[in-house]
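Open the model in your viewer and keep the sequence panel in sight. The tour below says what to select next and what is there.

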Amino acid sequence: MSSSPPRSGHEHAVRQLLSGDARHVAPLLLGAVLTHDSPEGTVSVRITEVEAYMGPHDSQHPDPGSHTFRGQTGRNKPMFGPAGHLYVYFTYGMHYCANIVCGPPGVASALLLRGGEIVAGEELARARRPASKSAKDLASGPARLATALGVTTADSGRDALSEPFRLELPVAKARDISTGPRVGVSGAGGSHAYPWRYWLTGDPTVSRYKAAKARPDREDWPPSA
């Protein structure tokens, strides 16, 4: 018998929601607040933009833009794991990007945290992001968001619903949500056939859309999830 403490009702409810299809969960996560209590201090970000990524080429929902498209590897293994856990990867040799895993165990899917607003710990976020010119730039873009939160690949596979993290869902679903193609994804996965980017319409922390540039065939491509 497990000696782990019982899960709170809130944690169970959040994990149940995240266990659904990432494309259906995405709009419900907009406005949620993700908090990281690190040794340096606490930072919380209100999520304003996400991108959904699905599974391998031989799965029920193949996604040519996903890191899992060619199958499971040591790096993308968390995407096949339990909902509510983090999948963090390193890209371009300099940036970390954070995803929250969705779907049932064994079914690869996740939501890339593309943009957000720092709602607690702004001083620490500014220290981590000294190049940011304003508060709205601190977490506008997936690399900025992960840096502001202090999340690295050491956190990949960790539970975003348990300490030192916590995720609080919005009280009500956002009313004005936009969708469109994902940012910086090459090939078909970045086309309008995959309008799996979701954002709060008009929010100043949403990142600007950029189409993908041609890239060589390498393991860290696509750079999104």
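Two residues are in contact here when heavy atoms of theirs lie within 4.5 Å. The model is predicted.

**Stop 1: Ser 140**

Select Ser 140, in the loop between α3 and α4 (142-149). Which residues does Ser 140 touch, not counting residues up to four places away in sequence? They are Arg 114, Gly 116, Thr 205, Val 206 and Ser 207. Add Thr 205 to the selection: its backbone oxygen lies 3.0 Å from a polar atom of the Ser 140 side chain. Ser 140 has a relative accessibility of 12%. Buried means under 20%, so Ser 140 counts as buried.

**Stop 2: the whole chain**

Zoom out and colour by secondary structure. The protein chain has four helices and eight strands. Starting at the N terminus, the order of elements is α-α-β-β-β-β-β-α-α-β-β-β.

Along the principal axes, the C-alpha atoms fill a box of roughly 50 × 40 × 35 Å. The radius of gyration of the protein chain is 16 Å, which agrees with the value near 17 Å for a compact globule of 225 residues.

Now show the surface. About 10,600 Å² of the protein chain is exposed, and carbon and sulfur atoms supply 54% of that area. Of the 225 residues, 52% count as buried. Among contacts with a separation of 6 or more, 63% are between residues 24 or more positions apart.

**Stop 3: helix α2**

Select residues 22-29, which make up helix α2. Which residues of helix α2 are buried? They are Ala 22, Val 25, Ala 26, Pro 27 and Leu 29. Move on to Gly 31, just after α2, where phi is positive, at about 95°.

**Stop 4: salt bridges**

Side chains of opposite charge can pair when their charged atoms come close. The salt bridge count for this model is 14. Three pairs follow.

Begin with Glu 11 and Arg 15, whose side chains meet in a salt bridge of 2.8 Å, N to O. Where in the helix do the two sit relative to each other? They are four residues apart in helix α1 (residues 9-18), so about one helical turn separates them. Glu 11 and Arg 15 are both buried.

Next, select Arg 166 and Asp 37, which form a salt bridge of 2.7 Å, N to O. This pair links distant parts of the chain: Arg 166 is in strand β6 (residues 165-168) and Asp 37 in strand β1 (residues 33-38), 129 residues apart. Are they buried or exposed? Arg 166 counts as partly exposed at 32% relative accessibility, and Asp 37 is partly exposed at 23%.

Third, select Asp 63 and Arg 182, which form a salt bridge with their closest N and O atoms 2.8 Å apart. Asp 63 lies in the loop between β2 (41-53) and β3 (86-91), and Arg 182 in the loop between β7 (177-180) and β8 (197-200), so the pair ties together parts 119 residues apart in sequence. Both Asp 63 and Arg 182 are buried.

Then select Glu 49, Glu 51, Arg 114 and Arg 197 together: salt bridges with shared partners join these four into one network. Arg 114 is also one of the residues that Ser 140 touches.

**Stop 5: Glu 51**

Keep Glu 51 selected and hide the rest of the network. Glu 51 is in strand β2. Its relative accessible area is 0%, so Glu 51 is buried. Show Val 183 as well: its backbone nitrogen lies 2.7 Å from a polar atom of the Glu 51 side chain.

**Stop 6: the surface**

Select Glu 123 in helix α3 (residues 122-128). With a relative accessible area of 72%, Glu 123 is exposed. From C-alpha to C-alpha, Glu 123 is 9.9 Å from Ala 135, and the two are twelve residues apart in sequence.

Last, select Phe 90, Tyr 92 and Met 94. These residues form a nonpolar patch on the surface, with about 320 Å² of accessible area together. Phe 90 belongs to strand β3 and is partly exposed, with a relative accessible area of 36%.

Key:
Residues are numbered from 1 along each chain as its sequence is written. This is a predicted model: local features need pLDDT of at least 70, side-chain atom pairs count only at pLDDT 80 or more; totals for chains, interfaces and linings use all residues. Side-chain values use heavy atoms; hydrogens and water are left out. Buried means under 20% relative accessible area, exposed over 50%, partly exposed in between (1.4 Å probe, protein chains only). A polar contact is a pair of N or O atoms within 3.5 Å; within protein, one must be able to donate a hydrogen and the other to accept it, and residues adjacent in sequence count only if both atoms are side-chain atoms. Patches are made of residues with over 30% relative accessible area and no salt bridge: like charges are joined within 9 Å, nonpolar side chains (Val, Leu, Ile, Met, Phe, Trp, Tyr) within 5 Å. Accessible areas come from the Shrake-Rupley method with a 1.4 Å probe; for residues, only the protein chains shown count as cover. The radius of gyration is taken over C-alpha atoms; the globule rule is 2.2 Å times the number of residues to the power 0.38.
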